[in-house]
Amino acid sequence: MTRRTSAAWPLFCIYAVLIVYASLYPFENWRFQGVFSWAFLTAPWPRYWTGFDVLSNVLGYAPLGFLLALSLLRTRPHWPAITVATLFAGVLSLLLESFQMFLPVRVPSNVDTALNMVGAWAGAVAAHGLVWVGLVNRWSRFRDRWFESEADGALALLAIWPLALLFPAPVPFGLGQVLERVEATWVHILKDTPWLESWPLRDVEFQPMLPITESACVALGLLLPCLLAYGVVQRRPQRWAVAAVCLSVGMLASALSAALTYGPVHAWGWVSPEVLRGWVAALFLALALSLASARMCWVLALAALVLQLSLLNTSSADAYFSLTLQTWEQGRFIRFHGLIQWLGWLWPYALLLYLVQRLSRAQHLGRG
């Protein structure tokens with residue numbers, strides 16, 4: 001039987017890295033607390049717990065088990081996918097809970113490990129069920145009709161994009177605005193050290209973004225997943241359908257983010273005139289560029305990405321957005337802080353690497 005590639009594998013790797021980050025956040029004040037790192041295994045069960053704690057631990061590892069099992073079922077069909085996924089999740093959870101013994105702000109728990117394994121097992125069972133009822137084979141046939149054979153990376157990036165939008169961004173669909181925060185963090189690290197004086201600091205403070213620039217960033221942010229998909233979808237009607245899905249999913253994901261942050265009544269409060277103008281511009285550009293070749297779409301995507309990152313990272317976030325970040329980082333979303341925030345920060349740069357790799361490869365093959 002011919003082994004197939006699967007977009008589930010890169011998604012699994014990304015999700016595993018993000019779980020490590022979320023479990024060890026905030027990576028500060030590491031110290032030995034006088035007990036062995038595995039002492040939590042024999043500790044009494046926590047006296048206080050909430051339904052949110054249980055649900056977050058189960059749901060946090062369910063995608064991990066699902067993606068690993070699905071990848072194994074697609075590429076290693078004779079392996080015991082459910083067992084491997086559950087055991088991997090258990091080992092990962094044990095290691096991370098053990099490391100938490102060195103973080104005073106984190107509380108390792110044997111219950112968390114058990115719930116993590118339950119979540120991974122449930123996800124793996126769900127993946128096995130999808131394969132058993134034939135839905136995965138149907139997806140394979142659908143993928144063969146719609147996408148090129150080497151579309152794994154693009155599909156993985158497209159699948160991550162709506163999740164990246166869940167973390168509030170200073171500009172809707174403006175992922176990757178990190179320069180201001182990275183600079184502030186680096187200055188904080190170098191504070192009271194001789195290296196701070198040698199660090200090149202900006203002479204001019206970042207300025208708020210103009211309305212026309214905000215509309216441009218919104219349009220570019222919505223256009224990027226469309227152009228990415230055009231690179232692996234050749235037929236024009238299918239491109240139109242994919243573009244419609246991207247534009248719709250992007251709006252829904254941003255609405256969900258606003259609902260989680262400010263409450264359901266404010267789900268669409270972020271839709272300003274600038275956002276509407278950007279959305280309309282993205283729609284017309286997506287329709288026009290559906291006529292372009294795959295290579296041209298990737299070239300345009302690379303140019304649009306560089307332009308958007310330049311516009312975003314030369315502008316400042318307002319004070320109101322800083323309060324929004326506190327809602328996520330210090331509130332009940334702390335368990336999902338690393339999983340969602342880092343997706344929003346790093347998705348554009350992962351797209352940048354993917355586009356450069358695909359364009360370089362296409363140029364090499366063209367010369368050959």
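**View 1. R358, at 10% relative accessibility, is buried.** Buried here means under 20% relative accessible area; exposed means over 50%, and partly exposed lies in between (1.4 Å probe, protein chains only). This is a predicted model: local features need pLDDT of at least 70, side-chain atom pairs count only at pLDDT 80 or more, and totals for chains, interfaces and linings use all residues. Residues are numbered from 1 along each chain as its sequence is written, and side-chain values use heavy atoms, with hydrogens and water left out. R358 pairs with E148 in a salt bridge, a side-chain nitrogen of Lys or Arg within 4 Å of a carboxyl oxygen of Asp or Glu. Their closest N and O atoms are 2.7 Å apart. The pair links distant parts of the chain: R358 sits in helix α13, E148 in the loop between α5 (135-146) and α6 (152-164), with their positions 210 residues apart. E148 is partly exposed, at 24% relative accessible area.

**View 2. E274 and R277 form a salt bridge within helix α10.** The N to O distance is 3.7 Å. Helix α10 covers residues 273-289. The two residues are 3 apart there, which means that about one helical turn separates them. Their surroundings differ: E274 is buried, with a relative accessible area of 17%, whereas R277 is partly exposed at 47%. In general, side chains of opposite charge can pair when their charged atoms come close. The structure holds 2 salt bridges.

**View 3. The fold is helical, with 13 helices and 0 strands.** Helices (H or I, at least four residues) and strands (E, at least two) are DSSP runs, numbered from the N terminus. Along the sequence the pattern reads α-α-α-α-α-α-α-α-α-α-α-α-α. Of the 368 residues, 46% are buried.

**View 4. The largest cavity encloses about 30 Å³ of space.** A cavity is a set of points, on a 1 Å grid over the protein atoms alone, where a 1.4 Å probe fits but cannot get out; lining residues have an atom within 4 Å of a point. Grid points are joined across faces, edges and corners, and the volume is the space filled by probe spheres set on the points. The count is 1 cavity of 30 Å³ or more. Its lining consists of W161, F173, L175, G221, L224, L305, Q308, W347 and P348. Helices α8 (211-230), α11 (294-312) and α13 (337-367) each supply at least two of the lining residues. By class, the lining has 7 nonpolar, 2 polar and no charged residues. Ala, Val, Leu, Ile, Met, Phe, Trp, Tyr, Cys and Pro count as nonpolar, Asp, Glu, Lys and Arg as charged, and the others, Gly among them, as polar.

**View 5. F173, a lining residue of the largest cavity, has a positive phi.** The angle is near 70°, in a residue other than glycine. F173 lies in the loop between α6 and α7 (179-190). It is buried, at 3% relative accessibility.

**View 6. Helix α6 contributes W161 to the buried set.** Also buried in α6 are D152, A154, L155, A156, L157, L158, I160 and A164. The 13 residues of α6 reach 18 Å from first C-alpha to last, close to the 18 Å expected at 1.5 Å a residue. The expected span is 1.5 Å times one less than the number of residues.

**View 7. Helix α11 buries one face.** Its buried residues are A294, C297, W298, A301, A304, L305, Q308, L309 and L312. Seen down the axis of α11, they fall within an arc of 130°, so they line one face of the helix. The arc is that of the directions from the helix axis to the C-beta atoms. L305 and Q308 also line the largest cavity. With 19 residues, α11 reaches 27 Å between its end C-alpha atoms, close to the expected 27 Å.

**View 8. C297, in helix α11, has 0% relative accessibility.** It counts as buried. The C-alpha atoms of C297 and L227 are separated by 5.4 Å, although the residues are 70 apart along the chain.

**View 9. A8 lies in helix α1 (residues 8-24).** A8 is buried, with a relative accessible area of 6%. L70 is 62 residues from A8 in sequence, yet their C-alpha atoms are 6.6 Å apart in space.

Note on methods:
On a 1 Å grid over the protein atoms alone, a cavity is a set of points where a 1.4 Å probe fits but cannot get out, and a pocket is an open set with protein on both sides within 12 Å along at least five of seven lines; lining residues have an atom within 4 Å of a point.
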